[in-house]
Amino acid sequence: MEITHRALGDVVLVNPVGRIDYLVAAEFERNLMPLLGADGGSSRGLVIDLQRVDYLSSVGLRVLMLATRALKGRGARIAVAALQPVVGEIFAVSRFDRVVEIFPSVRAALAAISPTAAEAFERGPPAGVA
Amino acid sequence: MKSVHFWGTRGSLPVALDAAQIRERLVTVVRASRERALASDADVDAFVDSLAFDLAGTFGGHTSCVQIDTGEADHVLCDLGSGLRPFGNAAMAKHGVSEQTYHVFMSHLHWDHIMGLPFFTPAYVRGNRIVVYGGHPDIERALRRQMDPPSFPVPFDTFNAAFEFVHLPPGIRHEVAGMFVTSLKQRHTGDSYGYRFEKDGRTVVYTTDSEHMLDDADEVRTFAAFFADADLVIFDAMYSLADAISVKADWGHSSNIVGVELCQLANAAHLCLFHHEPASSDAVIAKVLDDTRRLEQITRTGRPLKVSAAYDGLEIVL
């Protein structure tokens, strides 16, 4: 799987791509875990952009549960945004829609968690950064 | 193998609809009938048949007891929950006191899986034979203990049927009651065992009280192999996934989502949700069933997986 992230002030935005199933969940976890501490840039929270994730299995949801515990344990927030319809249904069937905040867009998620992060997102990446 | 009959499908504790729930249903049904012409008995039957299962029926409240009709004379059961009592009554009605043999495969020895035995009438009939199989070394002790004073007024030795206890080591294909039976040790407090039954080209897997460690790829592969190409997988789907891996982690149960995923990996034909949460109403179980069917549909990559939810009295023809 492909996964990138960027710091937006006090929130980290994570962008995974592809299927998150039992074959790649360990990689998803390895990439996510370093971002969960306050020193990982997510002092206010973490937003996962699921726009380009077309499937999330139980083992991927387990990683989200670990992230939720870590973040909520220190008073930070976690949100997922821009879910494809199939992934949205998986969240509902698994009852993860009661575990993680869900937003229709990354912009909406950032605005709810941190105005600073939302402003940074609107400004876009600094010149020279892809 | 011809069919599977569910006599008890509820997890942990027997439950029943109470008076307020029955009344609520009656009110709902009568209101729904206002617009219908119900002049004849046939009209009434058609109206009742048109209602949702969670309104016109019930998933029931007996604890685990599942019968496999192998097509042979001997009876085959999985677990001795409270559903054993109606099974025993049906067996008595059909066979009377003629000598019968019952083969019983025990998932484990927790109370909800053994509580039906004291009320199993065929156990009191001389000439009957009851053979109990399992991976636990102390099955006989557990069955005797629940009938010791002060827990029960009738001691185990009152039974007139001949009991035998057979230890089944997991991972070995045994020939029992005309079937091939393989067991698998599962994650549950005190361990539990799942069973794979094979006969006449048909395969049934009974896997209850089993928690799955989602991050353990070896375990996923082991269960997928155990379920491989099964015609029917009877699966512990007691909790939602969110509960199973958070507030109810280490409680020893699984979810509908994991059931779908393992059956899809295993190329199984039919997933039957089992060991329903006792706190769940019929409407909640029906919703879980609908959700699970939808999940199977939207995540399907290979063979379609039929999904059903077990209820007391359900018969699945293989």
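**Exercise 1. Helix 8 of chain B and what follows**

Task: Find the residue that follows helix 8 of chain B and give the sign of its phi. Then work out how enclosed the helix is and what it packs against.

Solution:
- Step 1. Go to the end of helix 8 in chain B: N267(B) comes after it, with a positive phi near 60°. Keep in mind that you're looking at a predicted model.
- Step 2. Now check burial, where a residue counts as buried if 20 or more other C-beta atoms lie within 10 Å of its own. Ten of the eleven residues of helix 8 of chain B pass, so the helix is largely enclosed by the rest of the structure.
- Step 3. Put names to them: the buried set is N256(B), I257(B), V258(B), G259(B), V260(B), E261(B), L262(B), C263(B), Q264(B) and A266(B).
- Step 4. Look for the sheet that carries strands 7 to 13 of chain B; seven strands line up there in the order 7-8-9-10-11-12-13, with mixed pairing, and the sheet is open. Its edges are strand 7 (174-176) and strand 13 (306-309) of chain B, each paired on one side only. On average, neighbouring strands in this sheet are turned by 25° against each other, direction ignored.
- Step 5. Helix 8 (residues 256-266) of chain B packs on this sheet and touches strand 11 (232-236) and strand 12 (270-274) of chain B. Its direction makes about 160° with that of strand 12 of chain B.
- Step 6. Add helix 9 (residues 282-299) of chain B, which lies across strand 12 and strand 13 of chain B and runs at about 170° to strand 13.

**Exercise 2. Two hairpins that share strand 9**

Task: Trace strands 8, 9 and 10 of chain B. Which residues in the turns have a positive phi, and which residues stand opposite F197(B)?

Solution:
- Step 1. Start with strand 8 (residues 179-186) of chain B: seven bridges join it to strand 9 of chain B, and the two run antiparallel. They make a hairpin with five residues between the strands, and G190(B) in the turn has a positive phi of about 80°.
- Step 2. Move on to strand 9 (residues 192-199) and strand 10 (residues 202-207) of chain B, an antiparallel pair over five bridges. This hairpin has two residues between its strands, and D200(B) takes a positive phi near 55°.
- Step 3. Find F197(B) in strand 9: V181(B) stands opposite it, and so does V204(B) in strand 10 of chain B. For E198(B), the bridge partner in strand 10 is T203(B).
- Step 4. Check burial for strand 9 of chain B: seven of its eight residues are buried, so the strand is largely enclosed by the rest of the structure.

**Exercise 3. The sheet with strand 14**

Task: Work out the strand order of the open sheet that includes strand 14 of chain B, and say which strands stand at its edges.

Solution:
- Step 1. Read across the seven strands: the order is 6-5-4-3-2-1-14 in chain B, and the pairing is mixed.
- Step 2. Strand 6 (162-167) and strand 14 (315-317) of chain B each have a single partner strand, so one side of each is left without a neighbour in the sheet.
- Step 3. For the twist, neighbouring strands here are turned by 20° against each other on average, direction ignored.
- Step 4. Zoom in on one pair: strand 2 (residues 65-69) and strand 3 (residues 75-78) of chain B are antiparallel and joined by three bridges. Within strand 3, L77(B) is the residue opposite Q67(B).

**Exercise 4. Chain A, and where the chains touch**

Task: Describe how helix 4 and helix 5 of chain A pack, then say what chain B brings to its contact with chain A.

Solution:
- Step 1. Helix 4 (residues 106-113) and helix 5 (residues 115-123) of chain A pack at about 145°, with their axes 6 Å apart.
- Step 2. List who does the touching: V106(A), R107(A), L110(A), A111(A) and I113(A) from helix 4, and A117(A), A118(A) and F121(A) from helix 5. That's seven nonpolar, no polar and one charged.
- Step 3. Follow L110(A): among the residues it touches are L8(A), V11(A) and V47(A). L110(A) is also one of the residues with the most contacts inside the largest nonpolar core, which has 124 residues.
- Step 4. Turn to the contact between the chains, with 18 residues from chain B and 18 from chain A. On the chain B side, helix 6 (217-226), helix 7 (241-244), helix 8 and helix 9 each supply at least two residues, and helix 9 gives the most, with five.
- Step 5. Sort the chain B side by type: ten nonpolar, three polar and five charged.

Definitions and conventions:
Residues are numbered from 1 along each chain as its sequence is written. Chains are lettered from A and ligands numbered from 1 in the order in which they are written. This is a predicted model: local features need pLDDT of at least 70, side-chain atom pairs count only at pLDDT 80 or more; totals for chains, interfaces and linings use all residues. Two strands pair if DSSP finds at least two bridges between them. Helices (H or I, at least four residues) and strands (E, at least two) are DSSP runs, numbered from the N terminus. Axes are lines fitted to C-alpha atoms, for helices over the stretch in contact, and angles run from 0 to 180 degrees between N-to-C directions. Two residues are in contact if their C-beta atoms, placed from the backbone, lie within 7 Å. A nonpolar core is a set of buried Ala, Val, Leu, Ile, Met, Phe, Trp, Tyr and Cys residues joined through C-beta atoms within 7 Å. A residue is buried if 20 or more other C-beta atoms lie within 10 Å of its own, exposed if 12 or fewer, and partly exposed in between; C-beta atoms are placed from the backbone. Ala, Val, Leu, Ile, Met, Phe, Trp, Tyr, Cys and Pro count as nonpolar, Asp, Glu, Lys and Arg as charged, and the others, Gly among them, as polar. Lists of a residue's contacts leave out its neighbours within four places in sequence.
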